[in-house]
Amino acid sequence: MSRPLIISDCDEVLLYMVSPFRDWLAETQGVDFHMVGNDFAHALRWQESGEVLAPEDIWKKLRGFFDTEMHRQTPIEGAVEAIARLSEHADVVVLTNLADHHREMRFEQLAGHGIDARVYTNQGPKGPALQNIVAEYAPSRTFFIDDLAQHHRSARETVGTITTLHLCGEPMLAPVIDCAHKSGHADARIDTWDEALPWLMRQLEKETT
């Protein structure tokens, strides 16, 4: 008999990313990071000139961070314990928007923090990747957790019958990002694992009743 499947994002859901990225930029790259509204493209500025980084420079910094600085990332409060609890009742995998050559690094990173889960890498909208994972597992029910509204929209448009939770554990981003629940693409918006775990457990209990 198939089990429920939970597909979770990593950055800002399981591990902090923006805050250690900001610190690394300031300490070693001569770049200040400051979110104004939800505009990531204008958040990075050269310290010397105050000029906004060009898009290609932003991508270069992001690649550099994931190539060499993933050790700076620490778990979102409650995430490790929540995934362990959920794993008792469902299969749990991670779908992360990183280059494919980062897959093993991400797996080892998560395992080092106590999260032993299969990792899938993806680029762009997550709906097609979700569809492939669901086809592989053929679960009794599918849950998707992510911090970005566009991925919830892609999930709903591509997969169809899926329960989605919008969770952003980074306080710097949570107040300013678009909300997938408000747009109708997420079943709930909960930004702490203390509240998200009971909600997910209730959804899983519906599966068995």
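Helices, of type H or I and at least four residues long, and strands, of type E and at least two, are DSSP runs numbered from the N terminus. The exercises below apply this convention to a predicted model.

**Exercise 1. Locate Glu 12 and describe its backbone and its burial.**

Solution. Step one places the residue: Glu 12 belongs to the loop that links strand 1 (5-8) to helix 1 (18-29). Step two concerns the backbone: the phi of Glu 12 is positive, near 70°, and the residue is not a glycine. Step three applies the cut-off for burial, which is under 20% relative accessible area. Glu 12 has a relative accessibility of 2%, so it counts as buried.

**Exercise 2. Carry out the analysis for Ala 138: in which loop is it found, and is it buried, partly exposed or exposed?**

Solution. The loop in question runs between helix 5 and strand 6. Ala 138 has a positive phi of about 45°, again in a residue that is not a glycine. Its relative accessible area is 49%, and Ala 138 is therefore partly exposed; the exposed class begins over 50%.

**Exercise 3. Characterise the surroundings of Tyr 137.**

Solution. Begin with the element: Tyr 137 is part of helix 5. With a relative accessible area of 26%, Tyr 137 is partly exposed. Next, set aside the neighbours within four places in sequence; the contacts of Tyr 137 are then Leu 5, Asp 91, Val 93, Arg 118 and Tyr 120. Finally, consider a pair remote in sequence: Tyr 137 and Ser 2 are separated by 135 residues along the chain, while their C-alpha atoms are 8.0 Å apart.

**Exercise 4. Identify the buried residues of helix 6 and the elements against which they pack.**

Solution. Helix 6 spans residues 149-158, and its buried residues are Ala 149, His 151, His 152, Ser 154 and Ala 155. A general property of helices assists the reading of such a list: an α-helix has 3.6 residues a turn, so residues three or four places apart point the same way. The packing partners of the buried residues of helix 6 are helix 5 (127-137), strand 6 (142-146) and strand 7 (163-166). After helix 6 comes Gly 160, with a positive phi near 90°.

**Exercise 5. Describe the position of Trp 199 and list its contacts beyond four places in sequence.**

Solution. Trp 199 is situated in helix 7, which covers residues 193-208. Its relative accessibility is 13%, so Trp 199 counts as buried. Leaving out neighbours within four places in sequence, Trp 199 touches Thr 163, Thr 164 and Leu 165, together with Asp 187, Ala 188 and Ile 190. A separation in space completes the description: the C-alpha atoms of Trp 199 and Ser 49 lie 47 Å apart, with the two positions 150 residues apart along the chain.

**Exercise 6. Determine where Asp 39 is found and how far its C-alpha atom lies from that of Ile 177.**

Solution. Asp 39 is in the loop between strand 2 (31-33) and strand 3 (44-46). At a relative accessible area of 30%, this residue is partly exposed. The C-alpha atoms of Asp 39 and Ile 177 are 8.7 Å apart, although the residues are 138 apart along the chain.

**Exercise 7. How many disulfides does the structure hold?**

Solution. The count is zero. A disulfide requires two cysteine sulfur atoms within 2.5 Å. For Cys 10, which is in no disulfide, the nearest cysteine sulfur is that of Cys 168, 13 Å away. Cys 168 is likewise in no disulfide, and the nearest cysteine sulfur to it, that of Cys 179, is 11 Å away. As to burial, Cys 10 has a relative accessible area of 0% and is buried, and Cys 168 counts as buried at 1%.

**Exercise 8. Summarise the protein chain as a whole: what are its elements, and why is it called as compact as a globular protein of that length?**

Solution. The protein chain contains seven helices and eight strands. Its radius of gyration is 17 Å, close to the 17 Å given by the globule rule for 209 residues; the chain is therefore as compact as a globular protein of that length. Of the 209 residues, 49% count as buried. Among contacts between residues at least 6 apart in sequence, 65% join residues at least 24 apart. Lastly, the chain carries 19 positive and 33 negative side chains, and the centres of the two sets are 4 Å apart.

Note on methods
Residues are numbered from 1 along each chain as its sequence is written. This is a predicted model: local features need pLDDT of at least 70, side-chain atom pairs count only at pLDDT 80 or more; totals for chains, interfaces and linings use all residues. Side-chain values use heavy atoms; hydrogens and water are left out. The radius of gyration is taken over C-alpha atoms; the globule rule is 2.2 Å times the number of residues to the power 0.38. Buried means under 20% relative accessible area, exposed over 50%, partly exposed in between (1.4 Å probe, protein chains only). Contact means heavy atoms within 4.5 Å. Lys and Arg count as positive and Asp and Glu as negative; His and the chain ends are not counted. The place of a charge is taken as NZ of Lys, CZ of Arg, CG of Asp or CD of Glu.
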